[in-house]
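Please take a first look at the chain shown here. The text below then goes through it step by step.

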Amino acid sequence: MICFCAERFPWRRIWQNPGELLIPGLTDMATRALLYRRPYEPSRLLIKHGSQIYSVRLRRHRRARRYTLRIHPSDREAILTIPPRGTIADAKDFAQRHGGWIAARLGRLPKAAPFLPGTVVPLRGNPHRIVHRAGQRGTVWLEVRDSGERILCVAGGVEHTERRVHDYLKREARKDLQKAADAHALALGVKVKRLSIRDQSSRWGSCTSAGSLSFSWRLILAPPYVLDYLAAHEVAHLVEMNHSARFWRVVDKVCNHVERAKTWLDTHGNDLHRYGIQD
């Protein structure tokens with residue numbers, strides 16, 4: 001059976017005032033999510049600045065109050081966040097008006113350093129040159145040459161070098177961070193329930209109220225005292241889930257190099273995002 005309605009359904013009014021419509025069985029948040037859904041939207045748009053064309057990734061966020069732009073340091077692209085009621089046309093206009101900013105920020109990114117033979121990468125703050133060892137068994141290991149140069153040896157096919165180095169660094173990051181987090185947790189009388197390693201671009205670490213910690217694997221590229229500070233910082237959140245004066249007293253209780261580590265991150269932190277990527 002097909003039913004017809006004599007009046008046009010007021011979708012626009014309901015979308016602008018979702019409280020007027022609550023679907024039985026759904027929470028207000030779920031109802032809003034349904035109403036805020038759009039038909040197909042592009043995942044990115046292209047803008048032109050001078051003679052260059054830049055790809056901008058689009059990201060709609062229900063809590064955003066305005067259009068915002070940021071540069072993803074490892075993906076090397078601009079990300080434009082759109083508020084719930086924003087339009088693609090306004091987003092493109094916003095990005096186009098800030099084309100100069102996008103070009104300047106992308107141009108300022110440090111040179112990419114892919115995990116290929118010959119590339120020098122910092123491991124725990126010390127430079128190591130990647131060397132391919134064809135015909136040798138194993139995966140990745142460390143050596144020191146007679147000259148004192150530290151090298152990161154990678155066995156197997158050269159086409160697997162990038163993946164093997166990346167996997168090795170993630171394993172080393174997990175090992176060091178788990179050890180540091182467990183030590184700080186013991187000192188503070190708390191327990192880390194779960195520790196995960198990711199490639200976070202906006203933060204070096206995070207903590208949930210359930211006791212789960214998450215860190216960027218790139219911390220293994222920083223000096224050990226920087227990694228230790230980040231571990232102490234996130235474990236301290238298990239005591240104080242905020243950044244109050246009480247929180248910083250907890251951090252100072254287990255870490256005596258807070259300012260030194262923060263200064264290093266402010267000066268060199270952005271450089272860590274260039275490793276393991278290609279232009």
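What follows moves from the whole chain to one sheet and a helix lying across it.

This is a predicted model, in which local features need pLDDT of at least 70 and side-chain atom pairs count only at pLDDT 80 or more, while totals for chains, interfaces and linings use all residues. Residues are numbered from 1 along each chain as its sequence is written, and side-chain values use heavy atoms, leaving out hydrogens and water.

The chain contains eight helices and 11 strands; these are DSSP runs numbered from the N terminus, with at least four residues (H or I) for a helix and at least two (E) for a strand. Of its 279 residues, 43% are buried, meaning under 20% relative accessible area with a 1.4 Å probe, protein chains only. The accessible surface, from the Shrake-Rupley method with a 1.4 Å probe, is about 16700 Å², and carbon and sulfur atoms hold 51% of that. Among contacts (heavy atoms within 4.5 Å) with a separation of 6 or more, 48% link residues 24 or more positions apart.

Four strands form an open sheet in the order E5-E6-E8-E7, with mixed pairing; two strands pair if DSSP finds at least two bridges between them. Strands E5 (120–123) and E7 (140–144) are the edges, each pairing on one side only. On average, neighbouring strands of this sheet are turned by 40° against each other, direction ignored.

Within the sheet, E6 (residues 126–133) and E8 (residues 150–155) run parallel and are joined by five bridges. His132 stands opposite Val154 in E8.

Helix H5 (residues 161–188) lies across E5, E6, E7 and E8 and runs at about 120° to E8. Such angles run from 0 to 180 degrees between N-to-C directions, with axes fitted to C-alpha atoms, for helices over the stretch in contact.

Methods:
Buried < 20%, exposed > 50% of the residue type's maximum accessible area, 1.4 Å probe, protein only.
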